[in-house]
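Visitor: Could you walk me through this structure? I would like to start with the metal site.

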Amino acid sequence: MAPKRPLSGAAEEECQMATVERPRPAARDIPQGTAYGRPSQHPDAALTQVGPGTPMGELMRRYWQPVLASRNVTARPREVRILGEDLIVFRDGEGRPGLLYPRCMHRGTSLIWGHVEADGIRCCYHGWKFAVDGQCIEQPCEPNPRQCRPEHRQPWYPVAERYGLVWAYMGPPERMPAMPRFDAMEPLEEGEDYLAFDNSLGSHGDINGPEVVPYSWLHMNDNVMDPFHVQVLHTTFSGTQFVREFEVMPKCEFEEIAGGVIYRAHRDLADGRHQERVSTWMMPNIMFVPDVAMRAGRPNGIGISVPVDDTHSRILMAMRTPRSPDGKRPMRGLEAENFKPWHERTLEERQDQPGDYEAQAGQGPVSLHSEEHLVTSDKGIGLQRRMLRRALEMVAAGGDPPGLSFDEGTVTHVPSGNFYSG
Ligand code: FES
Ligand SMILES: [Fe+2]
């Protein structure tokens with residue numbers, strides 16, 4: 001070690017100056033509220049972690065979750081990630097959808113390389129064939145290829161189709177509820193058909209946008225009980241993105257209903273009419289937003305914010321629409337005039353007119369809930385999160401969470417809609 005050298009006279013003076021106490025500024029001159037020394041912040045893990053065995057993961061698994069639009073489940077196997085699990089989805093030659101664990105139970109290659117036949121999917125490596133319920137039905141290299149042992153069963157999940165979507169039940173088999181049905185979606189009216197999307201269209205308004213969005217399922221879930229952002233983000237900030245009615249700041253009431261939360265947004269319109277717009281959220285991630293073109297009556301669609309994993313989600317939608325040969329989503333209000341595909345917009349254009357994608361991606365992959373400041377206008381989000389927390393406790397205690405039915409005939413009433421008076 002080098003020996004300590006005495007400080008020179010100049011250095012000693014400098015050192016003394018550094019320790020001289022500076023005059024303190026008057027209190028009014030001290031900058032307040034700076035970012036310095038702020039505490040570290042964190043997400044609410046109980047609401048955002050969705051993998052197997054996590055509290056929210058177990059809650060989500062008690063409900064049927066949509067996986068893809070039916071038309072995208074074909075004889076070509078496809079990888080999907082849902083609730084933090086990687087799976088293979090396909091449709092066998094008889095038209096039955098299947099959802100399997102991807103690693104072949106024989107020696108582990110992926111079924112993404114399998115070929116689909118009339119009664120199942122055949123692994124590329126040694127030809128084991130699995131039915132949509134995972135049962136192995138052929139092992140061609142064995143002495144008796146069709147005498148498969150019953151325990152040779154590829155892990156699988158039950159799937160079924162409704163409203164143009166393929167849904168899966170990934171929870172404990174003995175607790176499997178009936179598939180959900182809603183009066184907003186059925187029966188179809190004369191000339192209507194279901195049109196379903198699995199490409200997170202509701203988040204960015206673009207058929208070519210990101211199919212999976214890079215943020216937690218909770219971002220979009222919060223958004224549906226947030227009627228005020230419609231007036232700010234979609235109207236005054238970005239120019240009217242939907243309809244002129246949204247220029248009026250609504251007066252809102254929030255209310256808990258069985259298995260969900262609703263808001264009633266009241267607006268006195270320029271033409272003298274009074275509008276009550278009712279939006280519905282249902283456990284645990286279902287959204288019924290009334291028609292934004294403000295047509296009266298029941299909503300024409302369902303949206304579901306499905307967790308892909310903790311930091312990604314997929315928004316799936318199904319709509320009742322007049323039969324249309326092109327299969328394209330009908331444009332909404334002024335969106336039809338101003339539409340420029342999201343994937344063609346420059347950064348500057350997105351800064352000039354941010355939409356739901358920008359606002360929600362801006363919250364980060366998982367929001368930092370500890371630094372949120374929820375206020376009066378966030379009451380709906382508070383009610384949702386309280387209901388979710390109560391449901392987490394119910395499941396942890398061995399019970400069934402709200403909003404489930406075990407009767408296939410149950411059709412849940414959805415109070416959403418645009419209602420007019422005056
Ligand atoms: S690894 Fe699939 S059949 Fe052998
Ligand atoms: Fe929005």
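Guide: Certainly; please bear in mind that this is a predicted model. The arrangement around the iron ion (ligand 2) is irregular, because its 4 donor atoms subtend angles of 56 to 145 degrees.

Visitor: Why is that not tetrahedral?

Guide: Four donors count as tetrahedral only if all angles lie between 85 and 135 degrees. The angles around the iron ion (ligand 2) run from 56 to 145 degrees, so the arrangement is classed as irregular.

Visitor: Which protein atoms are the donors of the iron ion?

Guide: They are NE2 of His229, NE2 of His234 and, listed twice, an OD atom of Asp356. These donors lie 2.1 to 2.4 Å from the iron ion.

Visitor: How are the donor residues spaced in sequence?

Guide: The spacing is H-x4-H-x121-D. His234 belongs to helix α6 (residues 228-237) and Asp356 to helix α9 (residues 356-361), so distant parts of the chain are linked by a pair 122 residues apart.

Visitor: Is His234 buried or exposed? And what about Asp356?

Guide: His234 is buried, because its relative accessible area of 3% falls under the 20% limit. Asp356 is buried as well, with a relative accessible area of 11%.

Visitor: Let us change topic. Where is Ser40?

Guide: Ser40 sits in the loop between α1 (9-19) and α2 (45-48). Ser40 is exposed, because its relative accessible area is 68% and the limit for exposed is over 50%. The C-alpha atoms of Ser40 and Leu368 are separated by 9.5 Å, although these residues are 328 apart along the chain.

Visitor: Now the interior. Which residues touch the most other members of the largest nonpolar core?

Guide: That core has 68 residues, and those touching the most other members are Met56, Leu59, Phe182, Ile302 and Leu388. Helix α10 (residues 379-396) gives the most to this core, with 6 residues. At least three residues come from each of domain 1 (65-160) and domain 2 (177-421).

Visitor: What is Leu59 in contact with?

Guide: Leaving aside neighbours within four places in sequence, Leu59 is in contact with Met283, Leu388, Ala391, Leu392, Val395 and Pro401. Another core lies apart from the largest one; it has 13 residues, among them Ile88, Ile121, Cys123 and Val132.

Visitor: And the whole chain? How many helices and strands are there?

Guide: There are 10 helices and 18 strands. Of the 422 residues, 48% count as buried. The accessible surface comes to about 21600 Å², and 53% of that belongs to carbon and sulfur atoms.

Methods. Residues are numbered from 1 along each chain as its sequence is written. Chains are lettered from A and ligands numbered from 1 in the order in which they are written. This is a predicted model: local features need pLDDT of at least 70, side-chain atom pairs count only at pLDDT 80 or more; totals for chains, interfaces and linings use all residues. Side-chain values use heavy atoms; hydrogens and water are left out. Helices (H or I, at least four residues) and strands (E, at least two) are DSSP runs, numbered from the N terminus. Buried means under 20% relative accessible area, exposed over 50%, partly exposed in between (1.4 Å probe, protein chains only). Accessible areas come from the Shrake-Rupley method with a 1.4 Å probe; for residues, only the protein chains shown count as cover. Donors are N, O and S atoms within 2.8 Å of the metal (3.2 Å for Na, K and Ca); water is not among the atoms, so sites may look incomplete. Four donors count as tetrahedral if all angles lie between 85 and 135 degrees; four count as square planar and six as octahedral if opposite donors are over 155 degrees apart and all others between 65 and 115; anything else is irregular. A nonpolar core is a set of buried Ala, Val, Leu, Ile, Met, Phe, Trp, Tyr and Cys residues joined through side-chain atoms within 4.5 Å. Domain bounds come from an automatic or database domain assignment. Contact means heavy atoms within 4.5 Å.
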